Structures are given as C-alpha cells and as structure tokens.
Amino acid sequence: MTHIAIADQPEEELHEPSSFVTKYIWSQDHKVIAIQYSITAIFVGLVALVLSGLMRLQLGFPDSFSFIDPSAYLQFVTMHGMIMVIYLLTALFLGGFGNYLIPLMIGARDMVFPYLNMLSYWVYLLAVIVLMASFFVPGGPTGAGWTLYPPQAILEGTPGAGGGILLMLISLAIFIVAFTMGGLNYVTTVLQARTKGMTLMRMPLSVWGIFIATILGLLAFPALLVSAIMMLLDMTVGTSFFMPAIVSLGEQLDYSGGSPILFQHLFWFFGHPEVYIVALPAFGIVSDVLSVHARKNIFGYRMMVWAIVIIGGLSFIVWAHHMYVSGMNPYFGFFFATTTLIIAVPTALKVYNWVLTLWRGNIHLTTAMLFAIGFIFTFTHGGLTGLFLGNVVIDLPLSDTYFVVAHFHMVMGVSPIMVLFAAIYHWFPKITGKHLHTGLGKAHFWVTFLGTYAIYLPMHYLGFLGVPRRYYAMGSTEFVPDSAQDLNASITVSALIVGVAQLIFIYNVIRSLRKGEKAESNPWGAASLEWQTPDTPPKHGNWGPALPVVYRWAYDYSVPTAKQDFIPQNMSEEEVERVDDSETSSTEGGEDVKNIGDEPVGDNP
Amino acid sequence: MTNSTEQAPGWKGVVNDWAADKETFNVPWGKLMMWIFLLSDTFIFSIFLTSYMTVRMSATAEWPMTSEVFALTIAGQHVPLLLIAIMTFILITSSGTMAMAVNYAYRGDRKKTFILMLATAALGATFVGMQAFEWSKLIEDGVRPWENPMGAEQFGASFFMITGFHGMHVTAGVIYLIVIANRVRNGFYEKKGYDIVEITGLYWHFVDLVWVFIFAFFYLW
C-alpha cells in the first residue's frame, strides 16, 4: 500500500470549468462555494435583523403596532435566534470563511472532495428554504423560543405548533447533513492537504479556529440531530420521549413518562459547543487581523493554539450551566459552575494576548482593524458578564432576565459579528479584487460599535431590575419602575439606527463591486499564504502552475533585520533581503520585537 | 527544512510528529474522512443510547422483561433471545467476510473480493430481514411507538427508533457494498488502488460494533 501526500504528487492538469453554470452555479471551486454560502447566510441574516427590529418596536412602543400580536412576537424571537445562531453565524464562519480561507491559507488547490463540498452548499440552501417556508405555512413559524423546549414547543397554544415546528426540526436536520458534508471536508483538508513546509504549528490562527470549531460541530451537532428526531417522533407518531403526562387546554393528552429535562441536556450538549463553533473561528480570524494591521507578530502563538484546543475540549463539559433553574440535581450546578469558570482561563489568556499583540505595535486604524479592536471590547465585556451567570447563586436571580439577553448578545451576537465585518473588510480586496470604501466603512463601524453599547448596556440594568425576557408586554408590575419603559424605548431607537446602518455596509459592498478602487494582490502587506496567490482574485486552482512552499510561520512582521516590514510565508531564507548588521543595532524597536527571522519560528515556544 | 521533523523527546516529539507538514496521517483522504465521519456517527449512536437509558429511568410505567419479550417459542419451548442471538451471529460473521474481502482486495484478487463483498452484503440483508421479522412480531404483540401493552410505552418508542436507525445504517451499508463490489469486479479501481474496499469495511465494522452495544444495552439489560 503506497500512499503519497498530495504535495508530493506530480501535478495533474486542471480542468477549469468553462460555462457560466459550471463556474458560478454548480461550481465545485471552494471560493465560489464560499461566496454562495456567504451570500445566502447574509441574506437570511438580514431577515433575522428585520425580525429583531420588529421585536424592538413592540418592546419600545407597546400597543402602537397592531400587526405585532403576542404570537407574532414569540415567532419573531424564535426565528431571530435560530437564524442568527445557526443559519447566519455557523454557516458564514464555517461555510463561508472556512471554505474560502482553508485551502488558500494552507496552500491547497481546493478542498479534498470538491463535489461533496458543492453538495454541502446546496443542502444548506435547502435547509434555508425549508426554514423560510415555515413563514408561509398556516399558523406561521414556531414561537417556542430558539431553544425549542418541550413540552410547550409541540403543544397546541404555542404559535406554529403545527407546521412551524415541524419545518423547523426538519430544516435543522437538513442543516446538520449539510454541515457534516462540509465539516468532514474542512477537517480532512486541514489534516491531509497542506503544502510543503506548512506544519500544523505554522498555520494561521484563522485556520486553527475554523479547524477546531469544525471538529466541535461534528461532535456536537449529533446531539441536536438526535433531539430533533426524537421531538419529531413525539409530535408526529405520538411517542413520549420528552413528553410527560400532561393536561393541555383542559385536555389530558396521550403522553406519559417522558423527560423534558432530557431534551434540555441534549439541546445544550449541542448548544454550548455551538457557542464556540461560532467563537473559535472569530478568535482565529481576529488574531490574524490584529497581527496584520498592528504590523506585529501575534503574541504567544503556541499559547493561542493550545487555548483554542483547550477551550474546544472544555466546551463539551459545561453545558448544564444553561440549566441551573431547570430543576436538575443541584450538585450538577456545582460541577458545571466549576468547569464554566475554568474555561474563562484560556479565554482570558487569549484576550491578554490580543492586547499584547497591539502593545507597541504599529497600529493601522483601517476599517478591519477598528472592527477587530471593537471585538476586544465587546468580547471582554460579554465575557465578564459570563462570569456572573456562570455562578449558580448569581445566575438564579438573573436567569431569564434582560441581563442574560445582554450577556449573550455581547459575547456571541455582537462579538462574532464584529469579527465577521473585520474579516469582510480585511479579505474583500482578495476575494473581489476591489477595495471597500474606507470612509463608509468607518462610519459603519462607529454606528455599529457605539450603537451596540447603546442597546446592550441598558439591558444589563433592566436585567438587574428583574425585567424578564421574551415577554410580549410588561403590563404593570411593582418591581419594575416606569422609567424602565423609557429605557426600552431608547434601546429600540438605538437598535433601529444600528439596523438601518447596516445598509451602509450593503451599499458599500455593491458600490465597491461596481466602481471600487482596484486592489493590488497584497494591500495590507500580510504574510500569510492567501495573499501570495499569483492572481487576485485567485483563479481556479489557486496557485497557478506550482504549489507554494512554506518556509516560516504566518506572523513575520517587522522583523528587525529584514528590509521589508513583513516576510511572506513562502519566502525562503535566501530570498529575504536583509539590512546590514550595523544598521540593525540602531533600528528603533529592535529591542522590543524579538528577532524571529533567524530561526524557523512557530515550532519553538 | 523544518525543525518539526526533528526528533524531540517526550510531549514535544509527539506534537511535532502530528504537526508535520503536508499530512498528519499516512492514509488516503477518503479513509481519514470515513474515520472522522464514524467518530461523528459514534456520537449520534451514543446519544441515542444515553437518551434511551434516560427515558427508561424516567418512565413511570414498568419496563418489560426483555428476555421474555424477545423470545421465540419453538416446539413448545420458550427460548429467550434466540432470534437476537442468531442475528448477532450473522452480523458478526459478516464482519469476518468483510475482513477477508479487504485482504483479497489488497492482494489484487478481484473475483474473490467481489464474492466476499457480496456475501457480506447478503449477510447484512439477512440481518435486516430478520429485524423486519422481529418488528412484525412485536407489532403483532401490540407494541407500538406510542403504546405498549407490556409496560412503559418508551420501550416500543426507543426500540423502534434505535433499531430502525441502526437498520437504516445496515441497509445503506448493503447498498454501499453492492455498488463498490460491482465496481471492483469491473476493474474500476485498478488504477486508484483498493483502499476503497477497506473504507467500506470500516463503515461495515462500525455498524457491527454499534450493534454489539445496542444488543448489550437493549436486550441484555
């Protein structure tokens, strides 16, 4: 049995697709698939954004909008959450950026199984269509909350208890099939298709983040699949996996002896890793953006890699911190609070390393960099409130209040989205060959970033007041002062402004595609491999006639003896132009930046 | 060129070996992908079985005695677990024929490979057939996913769901085996090599292994 690594095999001739259909629609090129994934994900993301605007209208100005009744409100909440978490963030980070960046960053021509990769997108699109179809069935989409807890999710009286929940569960199952096809490809590609010299410990952190997140997905989505299947059986066949004996609308139902808590365990066994499926690619991408635009190597590369791996591992044993009030055994709370607080250690380490990367760097405040720095703020903020909620005694009073809403929107809503924007502004020149407009980009950033705080800071306060989440209207309560309503109105105004401000981004993209400034192949002076392609945007096969060879890690910025302020990964030691030794000693900053050009870096701690 | 290929003691050496350039495992892409898929599938079956154990504990009605439910009456004798024992034997035998097929495939003996793969598929199909018989027998006894005259209704629900899901895996495996066996006979893999037979075998052995766990947790407990 002889087996030869792909980088050692003689080159086969590339068959470039010729017709429009094979090139842009039924394409097997990872770059086209990535763009298809991204456009679809951004489209459903916009739908979810509009839903959140409608929710905020109701909360800020109750009784003013007759078309938002309590059922519609719950449906908006549910669909907003589910779309944002799964169909936007997961699909965009892994299907979009994973597809685009993995082969380019590791020096491969494509994913290992391009056909499967293409199927992955089309099955994902099918999942999206099935999900969207639920808006048009009688009763509308499900209003069970994005966690879909039984028994209420499938009982009469919950909005969308017929077709809505059915389509939601089917759509999730289809999504998991799509994700598995893509995910197997990403993992195998990272493990087996790297080019010469690209060791795992020389991969950019973006690839590390996406790689570990994909593994988490492959191991966590099974729990969602199984719970979706069991709930489908409960509602269609009448089994009682999750359904206890129950009286609904005055009627004794045919269920008996099921365990609703089981669903919560299964859901969060998926749901908590899901947080990191979204967060780890964001961690990776933001590390690369910070390093490039600060002209400095990422601080503690090895530590960053191990932190990603450890966070990924720990994310499987913290799930029940979502269930402190569920009625599970209180001793579980002790265990899960401990693991939850332990996970803060590697996470905090990453935050320190990002800040230390910026420290005394040559910071270029490009749009991408602004979003990346914005991420450090929102993520630190959301992470700190996570420490509150991770402790059982503090979580109990805060559970199901706006404090929780503020927490998870800061940490896994806004923060990954900040990184997504950073990534889009950063890689847009490579993907399209055009620059995005900087002025519009910065306007977009400031409105989004400041708006985020205008929306979520007051929510923390509302949470401390005890305002419960997911309520259609508060009515009159003794513990909530009237001023809370003013706060709600102000949050709504901010949310609408931020929502509308995203149009700046859309306009910027369309404008730049039509008449944007033409981008050279490596406008930011980045060292990683995707910027060293012979063509911009990269053509089919990525690398022209020969695969690149990698000689160093992806973070050789401001190397003291080098003439250029960055050394591309595929530049060998002989090719690097050096300044004389006499000049080096007087180079400013020579003491601060460790001389990393002399030894092969990335393999040394 | 890289110091990752250097010998290093202890933990660092392990990391260096794994992180070496080009590829981490010296296996074809398809085989690694199958392994990763099976890892993911392992999680699916583990979660099915864990869920089954949970509902078994939370069920309010009594759980039926499996040795009595799964018994055949032969010549007036009540033989517990007979059918399941035969089914398990058949499935494990099919793993043997599969392993032989892999062996002959690497030796380049297409004809024997083809026959052994078909034999594996036939044993798999027999297993599914006997499972269908067992299902019909239970249904005759009045067991349904939503009700069970012998006790907890979760018994029928878990049984049909888990054996059904496993049966679907076996059926898919049978189809997979037949397709690959045909291609082997036609010489489709002469150039590419016969790793595909081993990959098919990985899947098949996995399905068998899962059955052992279902057998232990569902029938023997």
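## Exercises on a predicted two-chain model

In this predicted model, residues 113-135 of chain B are 100% helix and 0% strand, and the end C-alpha atoms of the span lie 33 Å apart.

**Exercise 1.** State which residues of chain B carry the UniProt label "transmembrane region", and describe the span 69-92.

*Solution.* Begin with the record: the unreviewed UniProt entry lists residues 32-49, 69-92, 113-135, 155-181 and 202-220 of chain B under this label. Next, take residues 69-92 of chain B: the span is 50% helix and 33% strand, with its end C-alpha atoms 23 Å apart. Finally, set beside this the span 113-135 of chain B, with 100% helix and an end-to-end separation of 33 Å.

**Exercise 2.** Determine how many residues each chain gives to the contact between chain A and chain B, and which elements of chain B take part.

*Solution.* First, count by chain: 40 residues come from chain B and 41 residues from chain A. Second, identify the elements of chain B that give two or more residues to this side: helix 1 (10-19), helix 2 (29-58) and helix 6 (153-185). Third, find the largest share, which is the 14 residues from helix 2 of chain B. Fourth, sort the side of chain B by class: 25 residues are nonpolar, 11 polar and 4 charged.

**Exercise 3.** Compare the span of helix 9 of chain A with the expected value, and locate its buried residues and their packing partners.

*Solution.* Helix 9 of chain A (residues 330-358) contains 29 residues. The expected span is 1.5 Å times one less than the number of residues, which gives 42 Å; the helix reaches 43 Å from first to last C-alpha, close to that value. Its buried residues include Gly333(A), Phe336(A), Trp354(A) and Thr357(A). The buried residues of this helix pack against helix 7 (260-293), helix 8 (301-314), helix 10 (367-390) and helix 11 (392-398) of chain A. Just after helix 9, Arg360(A) adopts a positive phi of about 60 degrees.

**Exercise 4.** Explain why the largest nonpolar core is placed between domain 1 and domain 2 of chain A.

*Solution.* The core has 240 residues; among those touching the most other members are Phe371(A) and Ala422(A). Helix 3 (residues 70-106) of chain A supplies the largest share, 25 residues. Domain 1 (367-536) and domain 2 (541-605) of chain A both contribute residues, and the core therefore lies between them. As a local example, Phe371(A) touches Met418(A), Phe421(A), Ala422(A), Tyr425(A) and Phe445(A), residues up to four places away in sequence being left out.

Technical notes:
Residues numbered from 1 in each chain as written. Chains lettered and ligands numbered in written order. Predicted model: local features only at pLDDT ≥ 70, side-chain atom pairs only at ≥ 80, totals over all residues. UniProt positions renumbered as here; feature names shortened; annotations may be inferred. Helix = DSSP H or I, 4+ residues; strand = E, 2+ residues; numbered from the N terminus. Core = buried A, V, L, I, M, F, W, Y, C linked by C-beta atoms within 7 Å. Buried ≥ 20, exposed ≤ 12 C-beta atoms within 10 Å, placed from the backbone. Domains from an automatic or database assignment. Contact = placed C-beta atoms within 7 Å. Nonpolar A, V, L, I, M, F, W, Y, C, P; charged D, E, K, R; others polar.
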